[in-house]
Amino acid sequence: MKLSRRTTIAAAVAGAASIALLASGCSAGAGGSTESGDEKVELTITTFGTFGYDELYKQYESENPNVTITATNIDTGGNARTDTFTKIAAGSGLSDIVALEEGWLGSVMEVSDQFVDLRDYGVDDRKADWVDWKFAQSTDADGRVIGYGTDVGPVGLCYNGKLFEAAGLPSDRTEVATLFGGADATWDKYFEVGNQYKAATGKAWYDQSGFVWNSMVNQLPEGYYTADGELNVEGNTALQERWGQLAGAAADGLSAAQAQWDWNGGKSFTDGTFATFVCPGWMLGVVQGNTEAGGGDATTGWDFADVFPGGAVNWGGAFLAVPETSEHKEEAAKLASWLTEAEQQLGQFAAAGTFPSTVAAQEELAASGEQNAFFNDAPVGAILAGRSEGVVAQFKGPDDSVIQENVFGPVTQKLDSGEADAQSGWDEAISLLNELVE
């Protein structure tokens with residue numbers, strides 16, 4: 001099946017993440033009881049991955065006793081995308097609130113009229129709550145706002161301090177940041193240290209090439225699409241140069257060729273299969289969950305450093321949207337708005353590590369020295385606040401997630417397995433692009 005190569009600019013993804021320019025207060029808005037009074041309302045909500053909403057659902061139900069929340073959580077963003085678009089195509093089946101992932105927002109904007117315009121439910125009154133680019137991302141070409149921003153994805157580096165020590169590398173997180181170059185950290189340096197680690201231990205450096213590639217792409221000012229919506233893969237020298245760097249690292253044996261979202265049932269986080277891991281805020285909960293699933297705990301050695309190769313980058317983040325098919329639009333918008341207020345975003349961060357998109361919550365985390373016991377008492381909130389400085393979300397085109405998952409996904413696996421090198425892998429990616437995206 002071919003997917004259309006569209007050039008429509010879905011939303012104005014503009015401006016820097018100038019957090020300091022925005023007001024820090026959040027609106028009173030939607031936190032109170034529902035307007036429906038005593039009328040019993042069941043609200044359905046579909047999220048994916050690790051959202052950390054369970055306790056917030058209970059709190060909202062307690063404060064709004066006429067509301068019952070029925071939640072569905074899909075394991076990965078990719079599967080959630082399939083679920084969402086299947087139901088959009090069918091014209092039914094979507095929950096009252098649907099979580100939309102930033103990576104497939106371009107596709108969603110092609111059908112943005114399937115979701116309510118949240119300006120009708122007061123979202124403009126909360127506009128200053130969010131960093132400017134987050135709010136802009138959820139605004140379609142006609143100016144309709146279709147999603148309340150949840151989290152954003154500033155990225156730091158997870159590493160295993162015990163494995164670093166065993167390889168003769170520093171394990172203190174400040175020294176680790178310096179090791180990679182601090183604010184001047186580069187991918188070349190990251191792979192160079194990886195080769196030192198490989199030489200000392202014989203083990204892989206990172207889990208698999210797909211996540212590294214995703215970070216390298218997101219870091220570019222323009223990724224698979226130009227900022228004005230044109231497809232931007234074939235002939236993109238910046239992209240191909242990074243592909244060559246990654247292919248070289250894979251050829252050096254730095255990838256552990258792990259299966260994404262499985263990691264040998266989590267055991268690969270506990271047995272020293274790899275020593276570093278790409279960590280946007282939302283991934284911290286994934287690392288902890290998989291380590292624990294693999295029989296590990298805080299003593300396993302995972303830590304979180306305030307550094308990332310190539311500098312600031314955003315990976316991921318989500319929005320809560322209300323489909324036009326919902327029978328409870330007002331109540332659904334009220335719940336979605338409440339879930340994305342600063343106080344609730346802080347609760348979500350505490351539960352799942354998802355870094356807030358509201359200015360007030362970001363400022364609170366930046367000032368907080370609260371430590372995360374699982375990550376060797378790292379002040380993860382303050383680190384992520386620092387990692388968010390300079391982040392500007394890249395424009396995501398309509399087939400961005402398809403290109404990431406179905407074009408480069410299988411080819412990065414071939415890099416890891418040794419079935420492809422830089423040139424053959426790139427050529428195969430272009431061939432897949434032309435098969436899948438018109």
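The chat below goes through the domains, pockets, cores and a few single residues of a predicted model.

Me: What kind of model is this, and which cut-offs apply?
Reply: It is a predicted model, where local features need pLDDT of at least 70 and side-chain atom pairs count only at pLDDT 80 or more, while totals for chains, interfaces and linings use all residues. Residues are numbered from 1 along each chain as its sequence is written, and side-chain values use heavy atoms, with hydrogens and water left out.

Me: Which domains does the assignment give?
Reply: Domain 1 (41–152 + 316–367) and domain 2 (154–314 + 386–436). The bounds come from an automatic or database domain assignment.

Me: How many residues of each are in contact?
Reply: 20 residues of domain 1 are in contact with 19 residues of domain 2, where contact means heavy atoms within 4.5 Å. The C-alpha centres of the two domains lie 27 Å apart.

Me: Pockets next. How much space lies in the largest pocket?
Reply: About 980 Å³. A pocket here is an open set of points on a 1 Å grid over the protein atoms alone, with protein on both sides within 12 Å along at least five of seven lines; lining residues have an atom within 4 Å of a point. Grid points are joined across faces, edges and corners, and the volume is the space filled by probe spheres set on the points.

Me: Which lining residues are closest to its centre?
Reply: Gly 77, Gly 78, Trp 261, Trp 282 and Glu 405, out of 46 that line the largest pocket.

Me: Which element gives the most to that lining?
Reply: H15, with 10 residues. Helix H2 (77–90), helix H8 (209–218), helix H10 (281–293), strand S7 (314–321) and helix H15 (400–417) are the elements that give two or more residues to the lining of the largest pocket. Helices (H or I, at least four residues) and strands (E, at least two) are DSSP runs, numbered from the N terminus.

Me: Why does the largest pocket lie between the domains?
Reply: Because domain 1 and domain 2 both give residues to its lining. By class, that lining has 15 nonpolar, 24 polar and seven charged residues. Ala, Val, Leu, Ile, Met, Phe, Trp, Tyr, Cys and Pro count as nonpolar, Asp, Glu, Lys and Arg as charged, and the others, Gly among them, as polar.

Me: And the second largest pocket, what lines it?
Reply: 22 residues, of which Phe 349, Ala 350, Ala 351, Asn 372 and Val 380 lie nearest its centre. H10, helix H12 (342–352), helix H13 (359–367) and helix H14 (380–387) each supply at least two. The second largest pocket holds about 430 Å³ of space, and its lining has 10 nonpolar, nine polar and three charged residues. Both domains give residues to this lining too, so the second largest pocket lies between them.

Me: How many cavities of 30 Å³ or more?
Reply: Four. A cavity is a set of grid points where a 1.4 Å probe fits but cannot get out. The second largest cavity has a volume of about 50 Å³, and its lining includes Lys 87, Gln 114 and Pro 323.

Me: Switching to cores. Which residues touch the most other members of the largest nonpolar core?
Reply: Trp 205 and Phe 277, in a core of 88 residues. H9 gives the most to this core, with six. A nonpolar core is a set of buried Ala, Val, Leu, Ile, Met, Phe, Trp, Tyr and Cys residues joined through side-chain atoms within 4.5 Å. Buried means under 20% relative accessible area, exposed over 50%, and partly exposed in between (1.4 Å probe, protein chains only).

Me: What does Trp 205 touch?
Reply: Among others, Phe 164, Phe 180, Tyr 197 and Phe 274, not counting residues up to four places away in sequence.

Me: Is Gln 344 buried or exposed?
Reply: Gln 344 is buried, at 3% relative accessibility. It lies in helix H12, and Gln 344 touches Leu 56, Gln 59, Trp 338 and Leu 339, again leaving out residues up to four places away in sequence.

Me: How many residues of H11 are buried?
Reply: Nine of the 11 in helix H11 (residues 329–339). Trp 338 and Leu 339 are among them.

Me: Last topic, odd backbone angles. What is phi of Trp 263?
Reply: Near 50 degrees, a positive value in a residue other than glycine. Most residues other than glycine have a negative phi. Trp 263 is in the loop between helix H9 (237–251) and strand S5 (276–280), and Trp 263 is buried, with a relative accessible area of 0%.

Me: Where is Asp 377?
Reply: Asp 377 is in the loop between H13 and H14. Its phi is positive, about 60 degrees, and Asp 377 is partly exposed, with a relative accessible area of 37%.
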